Amino acid sequence: MADSTPTLIGPPQAAKKPHSFTRHGVTVSDDYAWLRDPGYPDVKDKEVLAHLEAENRWFESKMDQHKGRIDGLFKEMRGRIKEADSSVPQKDGDWLYWIEFEEGAEYKKWWRKPVAGGDAELILDEVALAEGKEYFRLGAISTTTDGKLLAYACDDNGSERFTARIKNLETGELLPDEIPGTLSSLVWVAQDKGLVYSLANEQWRTDNARLHWLGQPVEDDVELFHEDDEGFRVGSSLSSNEKWLLIGTSDHETSECRMVLADDPLGEQILVKPRVKGVEYDVDERDDVLYIHTNDTHENFRLATAPLANPGEWTTLIEGTDAFYLTGMDLFRDFYVIEGRKSAGTGAGLDQIEVRYYDDPARVEPISFPEASYSAGMSNNPEWHMEKLRLTYESMVAPSSVMDYDVAARTLETLKVQEIPSGYDASLYATERLEIPARDGTAIPVSIVYRKDRAETVGGSGPLHLYGYGAYGISIDPGFSTSRLSLVDRGFAYAIAHIRGGDDLGRAWYKAGKLERRENAFNDFVDVAKGLIERGFTEAGRISISGGSAGGELMGAVINSDPELFGAVVAHVPFVDVLNTMLDDTLPLTPGEWPEWGNPIEDKAAFDLILGYSPYDQVKAQDYPPLMVTAGLNDPRVTYWEPAKWVARLREVKTDGNELLLKTNMGAGHGGKSGRFESLKETAEEFAFILWQLGIKG
């Protein structure tokens, strides 16, 4: 039978269908608006699907020429992963819990055994749950206090709408209870007779906290709280002592918390403090005293206390300061832990962990780590009475370690170091923490790793990969990556630009890259690239860059402004149609995003600003670097049409002959393919594209 696949003689050219709108007196043209299926999230429009499939065929036709390199990179990356692996068991009540990967398995198995001794029990098998599915993701998972029941939630198409089920761990049977459409944690309450969760509404917003009684119809579930502000999201958790159910609601700059006794979830709720625009707080409780982590008096947060009887009367326990960014707290029976980062001086941006004591506020015990640049944090510490704290630690040259910190002895014990089966010699690599001035004089931290013999093998004009994100106050930590070695071992220096918009240097750092100062993030990234050239790490055109989601927006902005700097660009699920998305309040995320980007519906200044940097709207007739773009058909965060429209407009107006490839995962969402090896194949494709475009052999 003859092959019916159309012969590819060039990249797909999306049809132009004139469309425009006028807002605030400004008319904006959008000739590719038709790529948004009006039936979304159910995408069935034949013309839309045909275009996406044509782009996928073009992607495959180009990348198939590099199949040998892709396969080699994948084999190399897979060789650095210990296939049969398990986590360090952790005690929770009467059980020790851990997870395992079997040889060749894409997904985990969840195990436990009695602390008192006995056989191991398989409590959840992700491999079996994922069988036959193109996509699988386990969301929330939670056991009851007595260890008899397990609640878990799964997503099998990437839409991030999970179905929750409950398993009887004594019999292995599933209970008839089934809750579709969840997007939340699963919290056991009422002596393990009730389960608290949140549903995603039609706009993919969690505006509720609901209580399900075991054995009762889901239709009879009780709404414990409903959020009326469409920009806020609701989530639930237990206090550290598991006495209180905490129901929180928040957007990107304001939060509010309610408490109700976990044993009586239908009882009277305590509102800790009514919301105040711009004030965020979270709360925990010990011995009728509330501990509140809040930014009400300082943008870097303080820790306050309040009597349970008067929860709104906050007294400072730890002052907020410019020098220390207090990112969180963890309460335990005999002590508490604060986490944060120095936001000024030596070690700025590096993680800090301190043990403190309820009965002696002056007693502060910092946990020290050995390297000048690293990432460290609290791991799984499930019990109220902990004598040893489980921590994680890594750096750009040190594989991830699991450690226990003995609180009384003040000693660290390494329990496990990430094993790299194909071999890894840390002494071959060097990492630095640089500061590069932006155009406004602000010093931008840069974490960089490279082989010590790089200068001998590639010289100063060697390739460099630069990664950035810069949004939502999310820091990009200088951690370890096994896949990254496939670039570094080929002569790349690999750098992370800790640009404004993240909170790497505190809350002020975040604010300096959002709203009316959004373009600082783009300028910082460009100026870091130029600074690395000036320092001899590389030269213009020898830099590959990558970023995803809001980091994809960053990619779009910097290739509009400074295309000549970059030799290869990878934009994963890029948020590039910023103006159209922020003007559409029916999209899932839009109302909650206005505190981050601005509201162009009501605010002309926000409209003008976003129009001025939105990558899709600012595409122009110029040469662009080679570009690989990914999308997910089921992505509820960055809808598939954003990258599709962007690529279509780039194809129309760009003046170069460089490669422009779009790959849409037709059965996945924001995170791409699921499974530890399937996702690794996509990384191999990305790296093969970069090596191809930079002309690097081997």
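**Close-up 1. An open sheet built from 4 strands, β12-β13-β14-β15 in that order.** The pairing throughout this sheet is antiparallel. At the edges stand β12 (187-189) and β15 (222-226); each has a single partner strand, so one side of each is left without a neighbour in the sheet. Going from one strand to the next, the twist averages 25 degrees. Keep in mind that what you're looking at is a predicted model.

**Close-up 2. Zooming in on where β12 meets β13.** Here the edge strand β12 is joined to β13 (residues 194-197) by 3 bridges, and the two run antiparallel. To get your bearings, find V189: across from V189, in β13, sits G194.

**Close-up 3. Helix α2 crossing helix α13.** The pair is made up of α2 (residues 67-79) and α13 (residues 678-693), whose axes come within 8 Å and cross at roughly 125 degrees. Since angles of 65 to 115 degrees count as roughly perpendicular and those over 145 as roughly antiparallel, that angle makes α2 oblique to α13. As for handedness, the crossing of α2 and α13 is right-handed.

**Close-up 4. The side-by-side residues of α2 and α13 in contact.** From α2, the contact draws on R69, I70, L73, F74, M77 and R78. Helix α13 brings L680, K681, T683, A684, E685, F687, A688, L691 and W692. What sort of residues make up the contact of α2 with α13? They divide into 10 nonpolar, 1 polar and 4 charged. The charged ones include R69 and R78 of α2, while T683 of α13 is the polar one.

Notes
Residues numbered from 1 in each chain as written. Predicted model: local features only at pLDDT ≥ 70, side-chain atom pairs only at ≥ 80, totals over all residues. Heavy atoms only, no water. Pairing = 2+ DSSP bridges. Axes fitted to C-alpha atoms, helices over the stretch in contact; angles between N-to-C directions. Parallel < 35°, antiparallel > 145°, perpendicular 65-115°, else oblique. Left-handed = near helix turned anticlockwise from the far one by under 90°. Contact = heavy atoms within 4.5 Å.
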